[in-house]
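Welcome! Please take a moment to look over the fold below, and then we can walk through it together, beginning with its strands.

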Amino acid sequence: MKWSDRIIACHTAVTDKVSHGQAMQESRYFVWMEDGRNDFMAGDRHAERAVEGTTDLYTPQELDPWAGQFEASLDADGTIAWYLNSVQLEEDTSTWHYEWVWQVPMGAEDG
């Protein structure tokens, strides 16, 4: 499975309100975006490759259960490294904003 399919599956296990890189016209949704690569070099070659990115959850709900469900989905994949980077209340919109940073290993199917 491609790395992008795996990260998409982690989001859609929680909801179909998911976008790649763009805000949605919803009150509660995820946005994910790859930020770059984190490769391990050995013997002058890329021995291990991973894509690093972020996921943001925008929600009006304090302590939104989607946050825990998303983390459980990342854990269930078994290969994705992640951490919760921040949780903040955006006062101008009264929206809770969660941000996770993750790394997904790349495989041969990723080219």
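A good place to begin is a facing pair of residues: Leu 84 stands opposite Trp 100 in strand E7. Keep in mind that you are looking at a predicted model. The mean pLDDT of the chain is 90, with 85% of its residues at 70 or more. Among the elements, helix H2 (residues 65–77) has the highest mean pLDDT, 98, while strand E3 (residues 40–42) has the lowest, 54.

**Strand E7 and its partners**

Strand E7 spans residues 95–105 and is mostly covered, with 9 of its 11 residues buried. Two of its pairings are set out here.

| Strand paired with E7 | Sense | Bridges | A facing pair |
|---|---|---|---|
| E5 (residues 50–59) | antiparallel | 10 bridges | Tyr 58 and His 97 |
| E6 (residues 81–90) | antiparallel | 9 bridges | Leu 84 and Trp 100 |

E6 and E7 also form a hairpin, with 4 residues between them. In that turn, Ser 94 has a positive phi of about 55°. As background, side chains in a regular strand alternate between the two faces of the sheet.

**The nonpolar core**

The largest nonpolar core holds 20 residues, and those touching the most other members are Trp 3, Ile 7, Phe 30 and Trp 102. H1, E2, E5, H2 and E7 are the elements that each give two or more residues to this core. The largest share, 5 residues, comes from E7. Such grouping fits a general tendency: in soluble globular proteins, nonpolar side chains tend to be buried together.

**Helix H1**

Which residues of helix H1 (residues 3–12) are buried? They are Trp 3, Ser 4, Arg 6, Ile 7, Cys 10 and His 11. These residues lie on the same side of H1, because they cover an arc of only 165° around the axis. It helps to recall that an α-helix has 3.6 residues a turn, so residues three or four places apart point the same way.

**Arg 28**

Our last stop is Arg 28, in the loop between strand E1 (18–20) and strand E2 (29–37). Is Arg 28 buried or exposed? Arg 28 counts as buried because its relative accessibility is 18%, and the cut-off for buried is under 20%. Its side chain makes a polar contact with the side chain of Asp 64, at 2.7 Å. Leaving aside residues up to four places away in sequence, Arg 28 touches Lys 17, Tyr 58, Thr 59, Pro 60, Gln 61, Asp 64, Pro 65 and Trp 66. One of these, Tyr 58, appeared in the table above, opposite His 97 in E7.

Key: Residues are numbered from 1 along each chain as its sequence is written. This is a predicted model: local features need pLDDT of at least 70, side-chain atom pairs count only at pLDDT 80 or more; totals for chains, interfaces and linings use all residues. Side-chain values use heavy atoms; hydrogens and water are left out. Buried means under 20% relative accessible area, exposed over 50%, partly exposed in between (1.4 Å probe, protein chains only). A polar contact is a pair of N or O atoms within 3.5 Å; within protein, one must be able to donate a hydrogen and the other to accept it, and residues adjacent in sequence count only if both atoms are side-chain atoms. Contact means heavy atoms within 4.5 Å. The arc is that of the directions from the helix axis to the C-beta atoms. pLDDT is the predictor's confidence in each residue, from 0 to 100. Two strands pair if DSSP finds at least two bridges between them. A nonpolar core is a set of buried Ala, Val, Leu, Ile, Met, Phe, Trp, Tyr and Cys residues joined through side-chain atoms within 4.5 Å.
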